[in-house]
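Hello,

I am passing on a structure for you to look at, and below it you will find my notes on what turned up.

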Amino acid sequence: MRKYILALAAAIYLGAAAPAIAYDSGSLLSMHDALDVAFNAGLTSVSDAEFAGYEWQIDGRDAAGRYMEVDVDATTGAVLNINR
């Protein structure tokens, strides 16, 4: 029973760490760099930044105060999509 609990605890720990490891690679764009790309695309304030797959999805407002979402490719740094 003790081995089962230890194995279960290890699986939970590793499962919780996996999302953080997903974008912690030297070859992918950091959140800071993705935010720079989004600001250059017209974003002036950020309300949320999320790593999804191989892209950063950054939500916020533009200079006029309108909602804006900028999707940035984490491998190239290119703007994939802008939603307003």
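**Asp 59 and its surroundings**

The side chain of Asp 59 makes a polar contact (a pair of N or O atoms within 3.5 Å, of which one must be able to donate a hydrogen and the other to accept it, with residues adjacent in sequence counting only if both atoms are side-chain atoms) with the side chain of Tyr 67, at 3.3 Å. Please keep in mind that this is a predicted model, in which local features need pLDDT of at least 70 and side-chain atom pairs count only at pLDDT 80 or more, while totals for chains, interfaces and linings use all residues. Residues are numbered from 1 along each chain as its sequence is written, and side-chain values use heavy atoms, with hydrogens and water left out.

Asp 59 belongs to strand S2, residues 55-62, where a strand is a DSSP run of E with at least two residues, numbered from the N terminus. Leaving aside neighbours within four places in sequence, Asp 59 is in contact with several residues, including Ser 45, Asp 48 and Met 68, contact meaning heavy atoms within 4.5 Å.

Met 68 itself lies in strand S3, residues 67-73, and it counts as buried because its relative accessibility is 0%, buried meaning under 20% relative accessible area with a 1.4 Å probe and protein chains only. Although Met 68 and Asn 83 are 15 residues apart in sequence, they are 5.6 Å apart in space, C-alpha to C-alpha.

Elsewhere, Phe 51 and Trp 56 are both buried.

Best wishes

Terms used. Buried < 20%, exposed > 50% of the residue type's maximum accessible area, 1.4 Å probe, protein only. Helix = DSSP H or I, 4+ residues; strand = E, 2+ residues; numbered from the N terminus.
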